[in-house]
Amino acid sequence: MKVMKFGGTSVGTPARMKEVTKLVTKSGQPVFVVLSAMSGTTNSLVEISNYLYKKNPEGANEVINQLERKYLKHIDELYSTEEAKAQTREFLTAEMNYLRSFTKELFTSFEEKSIVAQGELLSTNMVVNYMKEQGIKAVLLNALDFMRTDKNSEPDPTYIKEKLSALMEKLATQNADQGEGEGYQVYITQGFICRNAYGEVDNLQRGGSDYTASLIGAALNAEEIQIWTDIDGMHNNDPRVVDKTSPVHQLHFEEAAELAYFGAKILHPTCVQPAKYAGIPVRLLNTMQPDAEGTTISNQTEYGKIKAVAAKDNIIAIKIKSSRMLLATGFLRKVFEIFESYQTPIDMVCTSEVGVSMSIDNSAHLGEIVDELKKYGTVTVDTGMCIICVVGDLDWSNIGFETKVMDALKNIPVRMISYGGSNYNISFLIREEDKKRALQGLSDMLFN
């Protein structure tokens with residue numbers, strides 16, 4: 001079985017929902033579908049929550065009314081039978097009344113998560129009702145029945161596998177009892193939403209619906225996980241900045257994680273971890289161009305090849321210089337503990353006998369961190385920096401690869417270089433104002 005995930009733009013209009021239905025039924029094989037909320041819906045739900053935090057129920061009710069009118073219009077456009085329209089209108093009325101019920105109660109972050117979760121519940125119900133209207137054997141599984149996080153707010157894969165397998169087995173038994181041994185053609189569930197360890201409505205945060213699809217794929221031991229968006233896979237450079245970019249057809253999971261972390265927004269680095277550990281390939285595909293090859297991410301490496309470039313903005317470089325560092329044990333530990341105490345991750349690190357340079361992307365506690373670091377040496381800070389990340393088979397035995405990359409940046413001032421920490425990545429810290437030149441230079445040298 002394949003798992004297919006569709007984002008908000010892919011189900012953003014009734015017309016797109018119809019296209020998604022064609023895509024998931026095209027093969028004739030059973031598929032498991034994960035849907036995001038319709039584009040714009042989550043923003044409206046967050047706006048409702050903001051009004052309720054501010055104790056402004058009138059403002060919240062106005063947004064709820066706007067949302068209801070929008071969905072009523074979608075219902076008229078999506079369905080052709082009065083039966084399907086009436087069924088979905090009844091569900092929509094119940095949903096909107098549920099949202100209105102929050103305007104009469106104390107409002108906290110727990111209630112906000114319940115409100116935000118309604119976007120996925122709306123989209124999945126609309127699509128499954130449309131599929132049934134079209135005669136497709138589809139069934140809706142509520143993600144809140146099997147998707148759960150533990151006490152550390154991390155997904156609980158053992159619980160997910162156990163509960164989801166039991167649900168699938170129950171459905172198979174029901175079909176057999178009814179003499180319908182072939183089972184369902186489409187299984188649908190919500191992305192992003194879950195329950196936490198205490199049974200409260202929550203969400204997966206990082207990666208959202210992609211994370212849900214990856215966790216379900218691992219739980220079901222799927223043959224493939226497909227992430228459908230409005231972009232034809234990961235590109236070898238940023239198409240918003242650079243001319244003549246093209247999709248990368250194959251990536252190792254580590255390469256994809258590096259690109260995602262350093263700026264390729266199509267995929268969150270965390271969300272493919274369950275698929276990586278289960279050895280299930282992930283394909284990034286485009287709903288607007290369904291026949292395009294897209295990008296396949298797997299545990300396979302294409303040897304001797306540089307794949308792509310990504311950039312991460314708003315980076316801050318911090319250098320601490322100290323003659324006391326010379327041969328001093330524990331120096332780096334003391335420095336890193338300061339960043340840990342302020343929960344500020346470090347992106348890059350470079351060391352010498354008398355100093356250490358680091359980069360961070362979170363300035364929330366910059367002042368406190370710098371004050372603490374001054375206990376151990378002279379501190380300098382550079383803001384407005386950018387990390388350029390080159391990804392591919394960059395094992396140190398591949399002679400000349402790092403030279404080729406450096407040649408592309410020969411006219412760009414480089415503040416830091418990180419090489420050897422991974423077999424898939426070489427990173428450069430430069431000024432943001434040099435980003436466009438650097439990315440274009442790398443494209444011309446490596447790909448064009």
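## Strand 7 and its neighbours

In this predicted model, strand 1 (residues 2–6) runs parallel to strand 7, and the pairing counts 5 bridges. If you want a spot to start looking, Val 3 sits opposite Ile 225 of strand 7. Strand 7 also pairs with strand 9 (residues 282–286), again in the parallel sense and over 5 bridges. There, Gln 226 is the residue facing Arg 283 of strand 9.

How many of the residues of strand 7 are buried? The count is 6 of the 6 in residues 224–229, so the strand is largely enclosed by the rest of the structure. Neither face is left open: Glu 224, Gln 226 and Trp 228 are buried on one side, and Ile 225, Ile 227 and Thr 229 are buried on the other.

## How far to trust it

The protein chain has a mean pLDDT of 92, with 97% of its residues at 70 or more. Among the elements of the chain, strand 2 (residues 31–35) has the highest mean, 98, while helix 9 (residues 253–261) has the lowest, 87. As a rule of thumb, predicted coordinates shouldn't be read in detail where pLDDT is low.

Helix 9 is mostly covered, with 7 of its 9 residues buried. The buried set is Phe 253, Glu 255, Ala 256, Ala 257, Glu 258, Leu 259 and Ala 260.

## Salt bridges

Searching the whole structure turns up 23 salt bridges. Side chains of opposite charge can pair when their charged atoms come close. One of the bridges joins Asp 238 to Arg 240, with N to O at 2.9 Å. Its two ends sit in contrasting surroundings: Asp 238 counts as buried because its relative accessibility is 16%, under the 20% cut-off, whereas Arg 240 is exposed at 67%.

Lys 307 and Glu 302 make another bridge, their closest N and O atoms 3.3 Å apart. Here the lysine is the buried partner, as Lys 307 has just 5% relative accessibility, and Glu 302 is partly exposed at 29%.

Then there's Lys 375 with Glu 372, where the closest N and O atoms are 3.1 Å apart. Lys 375 is exposed, with a relative accessible area of 53%, and Glu 372 is partly exposed at 25%. Elsewhere, bridges with shared partners link Glu 255, Glu 302, Lys 305 and Lys 307 into one network. Glu 255 in that network is one of the buried residues of helix 9.

## Ser 101 in helix 4

Ser 101 belongs to helix 4 (residues 82–101). What does its side chain reach? The side chain of Ser 101 comes to 2.5 Å from the backbone oxygen of Tyr 98. In an α-helix there are 3.6 residues a turn, so residues three or four places apart point the same way.

Is Ser 101 buried or partly exposed? Its relative accessible area is 25%, so Ser 101 counts as partly exposed. For a sense of where it lies, the C-alpha atoms of Ser 101 and Val 33 are 30 Å apart, with their positions 68 residues apart along the chain.

## A nonpolar patch

Trp 396, Met 406, Ile 417 and Tyr 419 together form a nonpolar surface patch of about 440 Å². Met 406 comes from helix 13 (residues 401–408). With a relative accessible area of 34%, Met 406 is partly exposed.

Terms used:
Residues are numbered from 1 along each chain as its sequence is written. This is a predicted model: local features need pLDDT of at least 70, side-chain atom pairs count only at pLDDT 80 or more; totals for chains, interfaces and linings use all residues. Side-chain values use heavy atoms; hydrogens and water are left out. Buried means under 20% relative accessible area, exposed over 50%, partly exposed in between (1.4 Å probe, protein chains only). Helices (H or I, at least four residues) and strands (E, at least two) are DSSP runs, numbered from the N terminus. Two strands pair if DSSP finds at least two bridges between them. Patches are made of residues with over 30% relative accessible area and no salt bridge: like charges are joined within 9 Å, nonpolar side chains (Val, Leu, Ile, Met, Phe, Trp, Tyr) within 5 Å. Accessible areas come from the Shrake-Rupley method with a 1.4 Å probe; for residues, only the protein chains shown count as cover. A salt bridge is a side-chain nitrogen of Lys or Arg within 4 Å of a carboxyl oxygen of Asp or Glu. pLDDT is the predictor's confidence in each residue, from 0 to 100. A polar contact is a pair of N or O atoms within 3.5 Å; within protein, one must be able to donate a hydrogen and the other to accept it, and residues adjacent in sequence count only if both atoms are side-chain atoms.
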